[in-house]
Structures are given as structure tokens and as C-alpha cells.
Amino acid sequence: MSTSILYHAFGLKGIQYKATRYEGEYLIFEAEMVTKDIPCPDCGKTDIIFKGSKRRQLLLPSIGRKKCLLDLLFHRVQCLGCRRIWWPKLSFMLGKHSYARSFALQVLDLLKMATIKDVANFMRVGWDMIKNIHKLKLKRMYRTRPIKNVRYIG
């Protein structure tokens, strides 16, 4: 397997594939953050160094009957210009959620054809995770709707 497959199959950018392992019903892809073109939120420079790390596990869409996980070595970065230290946001991560963007997109595609309970059973995750993904999508869709002059609903 290569970094290219993780990019094309799951949309994972800015990481390098290390290994694959199998544990029970999980197919686990080990990878490390390698991107260094992250702009500093304060000064905007892209001259950064890695300053510490932690492991994050993110759910990915299933392959066949195997649930997939990304075991990511995630680096904290420091700007060489202004010396600020922060945890970067990678394009495939959705904040502090335990799933990748590709997983959420697959859930949203399935919700067009099935109920929340059916999608949760199919994806073999909890009902509340699917509901939260759906709520986040609805909040994004309807956050800019002006309701100041609404008089009646129904």
C-alpha cells in the first residue's frame, strides 16, 4: 500500500503511509503527518518545525466487511517567525471528532437513502455518531437563513 492509495481512496492529504495491521474487525492504516506548508495563524509564514506529537485514531469508510481506522502520528507545530506553537488542522480532519471527513461524507450519502438507525447498523457505529454527523450538516446548511422577519412557521 502507498500514500497514494490513502489519498485517492479516502482523501487523506499531508500524511505519509507507514504500515497496515489487522486487529479483529479493524483494518488499521498507520501514517504520520508530514505536511510543512501550514501557515501560521498569527503571522502567516509557512516556516514551521514539528514540536511534539500525539496519536489520533480516526474512523474511515469501510472496505468490504472490515472497518477501517487511521492511526495517525499527529504533530504539533511551531512557527519559526513568531515562535507560536499550535495543533494544525489537516484537510481531512473535522475538529476533534473521531472520524475523518470521508467517513462523514459516506454517512451523509447513505442518509439520502436510509434512516439514521439503518446507516448506524450498516456502518457498525453508534446511532448517536450518525445523528451528530447529520446535525452538523443541517447546521451548516441552515446557518445563514435569516429569520428576523419570520411571522409564521407551518
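Select T35 to begin: in this predicted model, its relative accessibility is 15%, so T35 counts as buried, the cut-off being under 20%. T35 sits in the loop that runs between strand 2 (26–33) and strand 3 (48–63). Display its side chain together with that of D37, and a polar contact of 2.4 Å between the two side chains appears. Then extend the selection to the residues that T35 touches beyond four places in sequence, namely G14, F50 and L90.

Move next to Q78, which belongs to strand 4. With a relative accessible area of 6%, Q78 is buried. Leaving aside residues up to four places away in sequence, Q78 touches D47, I48, I49 and K51, and also R83, R84, I85 and W86. Within that group, keep R83 in view: its backbone oxygen lies 3.3 Å from a polar atom of the Q78 side chain.

R83 is the next stop. The loop that holds R83 joins strand 4 (66–79) and strand 5 (85–86). Is R83 buried, partly exposed or exposed? Its relative accessibility is 49%, and R83 therefore counts as partly exposed. Inspect the backbone torsions here as well. Most residues other than glycine have a negative phi. R83, which is not a glycine, has a positive phi of about 70°.

A second positive phi can be found at R124, again in a residue other than glycine, with a value near 60°. Select R124 in the loop between helix 3 and helix 4 (127–142). Its relative accessible area is 23%, which means that R124 is partly exposed.

From R124, step back to helix 3 (residues 116–123) and add helix 2 (residues 101–111) to the selection. Two packed helices are described by the angle between their axes and the distance between the axes. For helix 2 and helix 3, the axes come within 9 Å and cross at roughly 135°. Helix 2 is therefore oblique to helix 3, since an angle has to be over 145 degrees to count as roughly antiparallel. The crossing of helix 2 past helix 3 is right-handed.

Which residues make this contact? On the helix 2 side, show F103, Q106, V107, L110 and L111; on the helix 3 side, show I116, V119, F122 and M123. Colouring these residues by class gives 8 nonpolar, 1 polar and no charged residues.

Keep helix 2 selected and turn to its buried residues, which are S102, F103, A104, V107, L108, L110 and L111. An α-helix has 3.6 residues a turn, so residues three or four places apart point the same way. Which elements help to cover the buried residues of helix 2? Among them are helix 1 (3–10), strand 3, helix 3 and helix 4. F103, V107, L110 and L111 are buried, and these residues also take part in the contact with helix 3.

The last stop is M141, in helix 4. M141 has a relative accessibility of 38% and so counts as partly exposed. To close the tour, draw a distance from the C-alpha of M141 to the C-alpha of P39: the two are 28 Å apart in space and 102 residues apart in sequence.

Key: Residues are numbered from 1 along each chain as its sequence is written. This is a predicted model: local features need pLDDT of at least 70, side-chain atom pairs count only at pLDDT 80 or more; totals for chains, interfaces and linings use all residues. Side-chain values use heavy atoms; hydrogens and water are left out. Axes are lines fitted to C-alpha atoms, for helices over the stretch in contact, and angles run from 0 to 180 degrees between N-to-C directions. Helices (H or I, at least four residues) and strands (E, at least two) are DSSP runs, numbered from the N terminus. Angles under 35 degrees count as roughly parallel, over 145 as roughly antiparallel, 65 to 115 as roughly perpendicular and the rest as oblique. A crossing is left-handed if the near helix is turned anticlockwise from the far one by less than a right angle, and right-handed if clockwise. Contact means heavy atoms within 4.5 Å. Ala, Val, Leu, Ile, Met, Phe, Trp, Tyr, Cys and Pro count as nonpolar, Asp, Glu, Lys and Arg as charged, and the others, Gly among them, as polar. Buried means under 20% relative accessible area, exposed over 50%, partly exposed in between (1.4 Å probe, protein chains only). A polar contact is a pair of N or O atoms within 3.5 Å; within protein, one must be able to donate a hydrogen and the other to accept it, and residues adjacent in sequence count only if both atoms are side-chain atoms.
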